[in-house]
Amino acid sequence: MKSTSWFLLTTIAFVAGGCAVYYFYGYKDSLWIQGVSYVLVILGWLSLMFAIGSVHIQLREKHKAKPNLLIRLSNVLFFLIYPAGLVGLISGFVLLEQKKDERVEHVLSTGNVSLTTATVLRIEERRMKSTTHYYAIIQYRASGSKIEQAIKDDLRSYHKGDQVNIKYSMDHPDMFALLPL
């Protein structure tokens with residue numbers, strides 16, 4: 001029982017750790033941060049699904065000789081929990097993305113911000129499985145440092161050398177938002 005508790009706590013820690021990384025640092029233009037957070041969350045969810053599956057198998061083996069209502073109910077629940085877990089995982093990622101965006105919006109609307117002009121350095125193509133997305137890479141000065149960030153630009157409305165007005169957080173200089181023209 002003690003090892004099951006530790007295993008459960010570990011899976012919760014993986015999910016919570018991945019969510020925290022994405023919530024606090026997901027605004028950065030970093031595939032590494034996104035990758036680490038997604039891997040931690042998925043690893044936690046898969047571990048939890050593995051634990052549920054192993055309990056199901058142990059219960060089924062224990063009562064193998066005399067199938068009863070408990071075993072039938074366990075089989076039904078087992079096959080319902082996995083799709084529900086997948087739906088929960090996907091819903092969790094959607095909710096996490098919304099919460100991250102809300103946090104950025106809150107920091108930029110209530111925190112210490114500064115206004116500046118950023119310059120489009122280049123346009124990048126980022127290929128995904130079946131599509132290509134375009135990003136305008138901008139650069140601006142904040143707290144004495146040059147910061148580069150990406151703006152999704154699938155409509156290709158930005159060009160190298162364009163100037164864009166932004167506001168950024170003085171506490172988190174790489175957290176920014178475009179200002180309306």
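These are my notebook entries on a single chain, looked up in a predicted model.

**Entry 1: overall layout**

I started with the secondary structure, and I found 3 helices and 5 strands. Reading from the N terminus, I get the order α-α-α-β-β-β-β-β.

Next I looked at the dimensions. The C-alpha trace spans about 75 × 35 × 25 Å along its principal axes. I then checked the radius of gyration, which is 23 Å, against a value near 16 Å for a compact globule of 181 residues.

I also noted the surface. The chain exposes about 12,100 Å², and carbon and sulfur atoms supply 64% of that area. Buried residues come to 28% of the 181 in the chain. For the contacts with a separation of 6 or more, I see that 56% join residues 24 or more positions apart.

**Entry 2: the cores**

Which residues touch the most other members of the largest nonpolar core? I found Ile 138, Tyr 140, Ile 166 and Phe 176, out of 13 residues in that core. The elements that give two or more residues to this core are β1 (113–127), β2 (132–142), β3 (145–152) and β4 (163–169). Of these, β2 gives the most, with 4 residues.

I noted a second, separate core as well: it has 5 residues, among them Tyr 27, Val 104, Val 107 and Met 175. A background reminder to myself: nonpolar side chains tend to be buried together in soluble globular proteins.

I then picked Ile 138 for a contact list, leaving aside neighbours within four places in sequence. Ile 138 is in contact with Ala 118, Thr 119, Val 120 and Leu 121, and also with Ile 147, Glu 148, Gln 149 and Ile 151. The rest of the list for Ile 138 is Val 164, Ile 166 and Phe 176.

**Entry 3: a serine in helix α2**

Is Ser 37 buried or exposed? Ser 37 has a relative accessible area of 1%, so I count it as buried, the cut-off being under 20%. Ser 37 sits in helix α2, which covers residues 31–62. Setting aside residues up to four places away in sequence, I find that Ser 37 touches Gly 18, Val 21 and Tyr 22.

**Entry 4: a nonpolar patch on the surface**

I turned to the outside of the chain and looked up a nonpolar patch. Leu 73, Val 76, Leu 77 and Leu 80 form this patch, with about 370 Å² of accessible area together. I looked up Leu 77 on its own: it is found in helix α3, residues 69–110. Leu 77 has a relative accessible area of 43%, so it counts as partly exposed.

**Entry 5: two positive phi angles**

I finished with the backbone. Ser 143 is not a glycine, yet it has a positive phi of about 55°. I located Ser 143 in the loop between β2 and β3. With 54% relative accessibility, Ser 143 is exposed, because the cut-off for that word is over 50%.

Where is Arg 156? I found Arg 156 in the loop between β3 and β4. Arg 156 has a positive phi of about 60°, and it is not a glycine either. Its relative accessible area is 46%, so Arg 156 goes down in my notes as partly exposed.

Key:
Residues are numbered from 1 along each chain as its sequence is written. This is a predicted model: local features need pLDDT of at least 70, side-chain atom pairs count only at pLDDT 80 or more; totals for chains, interfaces and linings use all residues. Side-chain values use heavy atoms; hydrogens and water are left out. Patches are made of residues with over 30% relative accessible area and no salt bridge: like charges are joined within 9 Å, nonpolar side chains (Val, Leu, Ile, Met, Phe, Trp, Tyr) within 5 Å. Accessible areas come from the Shrake-Rupley method with a 1.4 Å probe; for residues, only the protein chains shown count as cover. A salt bridge is a side-chain nitrogen of Lys or Arg within 4 Å of a carboxyl oxygen of Asp or Glu. Buried means under 20% relative accessible area, exposed over 50%, partly exposed in between (1.4 Å probe, protein chains only). A nonpolar core is a set of buried Ala, Val, Leu, Ile, Met, Phe, Trp, Tyr and Cys residues joined through side-chain atoms within 4.5 Å. Contact means heavy atoms within 4.5 Å. The radius of gyration is taken over C-alpha atoms; the globule rule is 2.2 Å times the number of residues to the power 0.38.
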